Amino acid sequence: MILKNLWRRKTRTLLTVLGIAVGVAAVVALGAFGEGMAGGFKTVFTSASADLMVAEEDAILALMSSVDDAVGEELRGMRNVDAVCGTVVGMLTMPDIPYFFVIGEDPRGFTLAHYRVIAGEPLRTRREVMIGKLTAGNFKKTVGDRFRIGENSYTVVGIYETGAAIEDGGAVITLEDAQRSFGKPRTVNYYNVRLKDLRQIDAVRAEIETRWPDLAATRSGEQTRQTEMLDLYSSFGWFLGVFGVLVGGLGMMNTTLMSVIERTREIGVLRALGWRRRRILALILGESLALAAAGGLAGIALGWALIEAARLSPATQTILSGTLTPAMMGQAMVIALMLGTVGGMYPAWRAAQLQPIEAMRRESGVGGELGPASRLLARLTGSALRNLWRRPARTLVTTLGIGIGVGFIVALIAIVNGFTVLFTQLGGAGQIDLLAEEAGVSDASLSKIDERIADRIALRPDIRSVSKLVMGVTSAPDMLYLIVWGVDPSDEYLTHYRLREGRLIERPREVMLGRFLARSAKKNIGDKLQIGGSGYEVVGIYENGVSFEDGGSVITLRDAQERFNKTRQASFLGFRVADPARIDAVALALEAEYPEIIVSRPSNFTQRMNDMAVTYATLNALIVLTVIVGGIVMTNAMLMSVFERTQEIGVLRALGWSRGRVVRMVLVESLALSVLSALAGIALGMGLAGLFTLEPTMGAMLTPAYSAEMFGQVFLLAVALGVIGGVYPAWRAANLRPIEALRYE
């Protein structure tokens, strides 16, 4: 009977299943993205052939760790240590590939065996490169070809395969070449240590951490700050996808609720024939779970197709998990069935509460009477919108379903806009007209610009002053994510930080804290803050009004360069231009003379950053997902409105209403519903963005910024949903024949 009831309305059932399927597919595909990012990073930063990995204790990723060569020499001299290999990891942006890993390994070390050579031979000397199987295919390279990494060209001597997409989509060069290319003279990111006797692993580990208190020796797979950060990647994809499922799930509740309403008389008959409330509950919940199961299975299939399609693109194939695992499928089905249960509970409860006599008196195909509040709203909004208030439960569920999707987009756009505000604020108070970053870098915190470039640019007559800024990301006690800025105490730019207490930094081992950080870390003037194993005295507390800055800290330029291994380098350069009318011309001239940097106004800077380009692409994909799922939910809601008012539409057609007038009526209802959803979505989105800022580890980085343009985009999205969702129902209503419509039961 459950399947029979669902089959009565094939179009409605199909749309509901499709809405759930798209949401589940989003969970699967985005989950694969998150798992791929986390798993890929773990693969790069661990070695199956090593017993211990030695890196900086406070580094949130081994990519940001820096360990001196001298440590490696001492490690080799320790008892019970069999072999030690240093590794340098660099992350670049290559054509069409946002995250390209280049790994530096010692050709004589044991870790090189991790890369199984399938063509050519292993590395032997400098200026040689082994490329992964995926890299060879993406760049159409083979053994003997030249391969360019950054500013250097290498000879391809081998093609390897490890089975990890993020490694197979990268390259391996010698440790010495990597140290030169990534500005790490006599340093590595981490050391892999192999022991003579595994039974001594705890003793060796304790000795390492005692001898070097700022280093951590960890076993493969052990929980560290790095794995805590990577777990965020794993959960991020699922977090995004669940919003798609919620929208589809509320659409399913809408479908089940309307099924109950249109079958009121039938349920009354069943109750009169002796069906108990429990049996009615089981029937409606069974239908809801059947829809959820069908949508879950279809979503898994669609998610698998999306993963396979994404694996065909060089931009995404290295950051997707290799296969659709049983765990991922199980999680997706559990989410779908949970939504089926939740989505069916209210309609099932409503059906079970129907009294047989009242239910049997109810006319099918005709909307319910308006209550006092609904009649008032109908008068205020006009006769064309009266039908929205006939079914307030349906209108509420549809508005909430689409509003959740729209709200999530609002929150993400606001947070991305917040990053734009951050870089605009970096030029606040007139200290900076132009901002520069290393060209081609995949993450702003990895940008490195040689100070000699800054010194040469400072000699130009069209440049008034140059500020050198270092940005680093580290961790501190009780803080997973800490942003540190390095500024020269003699630089006028230091006045950018508006002091509320204390003074500006003047000498090494002094730090200024943002108000947000000082409050969360419970630090006052004169206290000590541990950054990277070193103690810094808090001499000032500032408040700029931007949480990204107010949740960070400022130390001297030299301290920051030492801490983040950027000797004689800066993350960003800030320029004051002699003639404000020539700012854009100066930017073009600097980029032409120094192709290793990108230069832009602070207000436009994020549009040219590679990591922000990836963020914008992800955001656009989520907007498309919202349009698809929201459009399906809207279409479903409007179709149900047409179904239940078939006789009414027949009367209107018989009274002379043209098809165009019927189409306009349905489209106006659809557009009104979408505008209501947009208003609800804006409210939900602003609330969600506010909740993000309360997250203790990264909340300071997620400050939202709202603009008239953003709200305009949201309403355009709402109009698109209204048009998409209303076209087919309007066409169907307009094509109803009056005689057939009047006979409709």
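Which helix gives the nonpolar patch its largest share? Keep that in mind for the first close-up, and remember throughout that this is a predicted model.

**View 1. A nonpolar patch on the surface, with helix H24 in the lead.** Helix H24, which runs over residues 708–734, supplies three residues, the largest share of the patch. The patch covers about 280 Å² and is made by Leu-671, Val-719, Val-723 and Val-727. Take Val-727 as your landmark here: Val-727 sits in helix H24. Its relative accessibility is 48%, so Val-727 counts as partly exposed.

**View 2. Ile-118 and the residues around it.** Here we zoom in on strand S5, residues 116–120, which is where Ile-118 has its place. Is Ile-118 buried, partly exposed or exposed? With a relative accessibility of 38%, Ile-118 goes down as partly exposed. Setting aside residues up to four places away in sequence, Ile-118 touches Lys-133, Ile-159, Tyr-160 and Glu-161. Have a look at Gly-132 too: Gly-132 and Ile-118 are 14 residues apart in sequence, and their C-alpha atoms lie 9.6 Å apart in space.

**View 3. Inside the largest nonpolar core.** This core has 69 residues. Which of them have the most contacts inside it? They are Trp-485, Tyr-497, Met-512, Val-554 and Phe-572. Helix H15 (residues 392–426) chips in with 12 residues, and that is the most any element gives to this core.

**View 4. Val-554 and its contacts.** Now we stay with one residue of that core. Neighbours within four places in sequence aside, Val-554 is in contact with a whole list of residues, including Trp-485, Tyr-497 and Met-512. Val-487, Leu-494, Ile-505 and Val-511 also touch Val-554, and so do Glu-510 and Tyr-542.

**View 5. A second core, separate from the other.** This one has 37 residues. If you want names to look for, Leu-52, Val-67, Ile-149 and Ile-173 are among them.

**View 6. Where the confidence goes up and down.** For the protein chain, the mean pLDDT is 80, and 79% of the residues reach 70 or more. Which element has the highest mean pLDDT, and which the lowest? Strand S9 (residues 171–174) takes the top spot with 96, while helix H14 (residues 372–381) has the lowest value, 45. Over residues 363–371 the pLDDT is below 50, and the model gives this stretch 21 contacts beyond near neighbours in sequence. Residues 373–384 also stay under 50; for them the model has 10 contacts beyond four places in sequence.

Definitions and conventions. Residues numbered from 1 in each chain as written. Predicted model: local features only at pLDDT ≥ 70, side-chain atom pairs only at ≥ 80, totals over all residues. Heavy atoms only, no water. pLDDT = per-residue confidence, 0-100. Helix = DSSP H or I, 4+ residues; strand = E, 2+ residues; numbered from the N terminus. Contact = heavy atoms within 4.5 Å. Buried < 20%, exposed > 50% of the residue type's maximum accessible area, 1.4 Å probe, protein only. Patch = residues over 30% accessible without salt bridge, like charges linked within 9 Å, V, L, I, M, F, W, Y side chains within 5 Å. Areas by Shrake-Rupley, 256 points an atom, 1.4 Å probe, with all protein chains shown as cover. Salt bridge = Lys/Arg side-chain N within 4 Å of Asp/Glu carboxyl O. Core = buried A, V, L, I, M, F, W, Y, C linked by side-chain atoms within 4.5 Å.
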